[in-house]
Structure formats: C-alpha cells, structure tokens
Amino acid sequence: MNVEEEVGKLQEEIKRLGQIQEDGSYKVTFGVLFNDDRCANIFEALVGTLRAAKKRKILTYDGELLLQGVHDNTVITMKPSATASSTDATEKS
C-alpha cells in the first residue's frame, strides 16, 4: 500500500472513530486511533501515516511525533476540506 492509499484509509478510520464537528471536521484522540484493533491491522506505521497526512494538510495536531501513552489525549483534527468530496456527493443526492 502506498502513502496516498494509507492516508485515504486513515481518513476513513478517523470518520469511523471520531466525532464530527459543526464545521464538518472530525476529531479523535491519538489514543483512540492507536488502541483500535482495526487500525492496528491496517497501519504498520500509524505515526508515519499521521505525519504524512499532516504534511499534506489533511490533519492537524500539536507536536511532531506522537508516542503511545504520552500523547494518548492529543486531539487529531481532520479538516473539513478533507471530507468535502464525500459530503458534496451526499448533499447533491
């Protein structure tokens, strides 16, 4: 699986595990993602995938490197623009 595919799967998992906000963004904590069995099976390097998504401006979170335990309560926000394509399709139906 290449980086783009992993980032796409990460977006799906954040939608599944996170809470949608009024602005259309999704929020989830690092601990929820890291400790989820499905995520553990999909992502060999969750932290690397998170960094790739952050670099592409799909996600935001504080800090550069997230570590299990230390950063479990760090909030990861998936920007609404990252979910816009699926939302637009739903609204047009």
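**Exercise 1. The nonpolar core**

Task: In this predicted model, find which residues have the most contacts inside the largest nonpolar core, and which elements supply at least two residues each.

Solution:
- Start with the membership. The largest nonpolar core has 19 residues, and L10, I14, L33, L46, L50, L59 and I76 are those with the most contacts inside it.
- Next, map the core onto the fold. At least two of its residues come from each of α1 (3-17), β2 (26-29), α2 (30-35), α4 and β4 (75-78).
- Then ask who gives the largest share: that is α4, with four residues.
- Finally, take a look around I76. Setting aside neighbours within four places in sequence, I76 contacts I14, Y26, K27, V28, F30, L33, L50, L59, T60, Y61 and L66.

**Exercise 2. Laying out the chain**

Task: Write down the order of helices and strands from the N terminus on, and state what percentage of the residues is buried.

Solution:
- Count the elements: the protein chain has five helices and four strands.
- Read them off from the N terminus, and you get α-β-β-α-α-α-β-β-α.
- For burial, 34% of the 93 residues in the protein chain are buried.
- Now turn to contacts with a separation of 6 or more: 52% of them are between residues 24 or more positions apart.

**Exercise 3. Strand pairing around β4**

Task: Work out which strands are joined to β4 and whether they run parallel or antiparallel to it.

Solution:
- Take β2 to begin with. Four bridges connect β2 and β4, and the two strands run antiparallel. To find this pairing on screen, go to T29, whose bridge partner in β4 is V75.
- Move on to β3, residues 59-60. Two bridges connect β3 with β4, again in an antiparallel arrangement. Here you can look for L59, which stands opposite M78 in β4.
- Put this together with the core: L59 is also among the residues with the most contacts inside the largest nonpolar core.

**Exercise 4. Helix α1 against helix α4**

Task: Describe how α1 and α4 pack, giving the angle and the distance between their axes, and name the residues that meet.

Solution:
- A handy reminder: a pair of packed helices is described by the angle between the axes and the distance between them.
- For α1 and α4, the angle is about 95 degrees and the axes are 9 Å apart.
- This angle makes α1 roughly perpendicular to α4, because the roughly perpendicular class covers 65 to 115 degrees.
- At the contact, V3, E6, V7 and L10 of α1 meet L46, T49, L50, A52 and A53 of α4.
- Zoom in on T49, which sits in helix α4 (residues 46-55). T49 counts as buried because its relative accessibility is 4%, and the limit for burial is under 20%.
- Beyond four places in sequence, T49 touches E6, V7, L10 and F43.

**Exercise 5. A network of charged side chains**

Task: Trace how salt bridges join E13, R16, D36 and R38.

Solution:
- Recall that oppositely charged side chains can pair when their charged atoms come close. The structure holds four salt bridges.
- Begin inside α1. E13 and R16 form a salt bridge at 2.6 Å, N to O. The two residues are about one helical turn apart, because they are three residues apart in helix α1.
- Compare their surroundings: E13 counts as buried at 1% relative accessibility, whereas R16 counts as partly exposed at 36%.
- Follow E13 outward. Its other salt-bridge partner here is R38, at 3.2 Å, N to O. R38 belongs to helix α3 (residues 37-42) and E13 to helix α1, so this pair ties together parts 25 residues apart in sequence. R38 is partly exposed, with a relative accessible area of 44%.
- Follow R16 outward. R16 makes a salt bridge with D36, with the closest N and O atoms 2.5 Å apart. This pair links helix α1 to the loop between α2 and α3, across 20 residues. D36 counts as buried, at 14% relative accessibility.
- Close the trace: through shared partners, these salt bridges join E13, R16, D36 and R38 into one network.

Methods: Residues numbered from 1 in each chain as written. Predicted model: local features only at pLDDT ≥ 70, side-chain atom pairs only at ≥ 80, totals over all residues. Heavy atoms only, no water. Buried < 20%, exposed > 50% of the residue type's maximum accessible area, 1.4 Å probe, protein only. Contact = heavy atoms within 4.5 Å. Core = buried A, V, L, I, M, F, W, Y, C linked by side-chain atoms within 4.5 Å. Pairing = 2+ DSSP bridges. Axes fitted to C-alpha atoms, helices over the stretch in contact; angles between N-to-C directions. Parallel < 35°, antiparallel > 145°, perpendicular 65-115°, else oblique.
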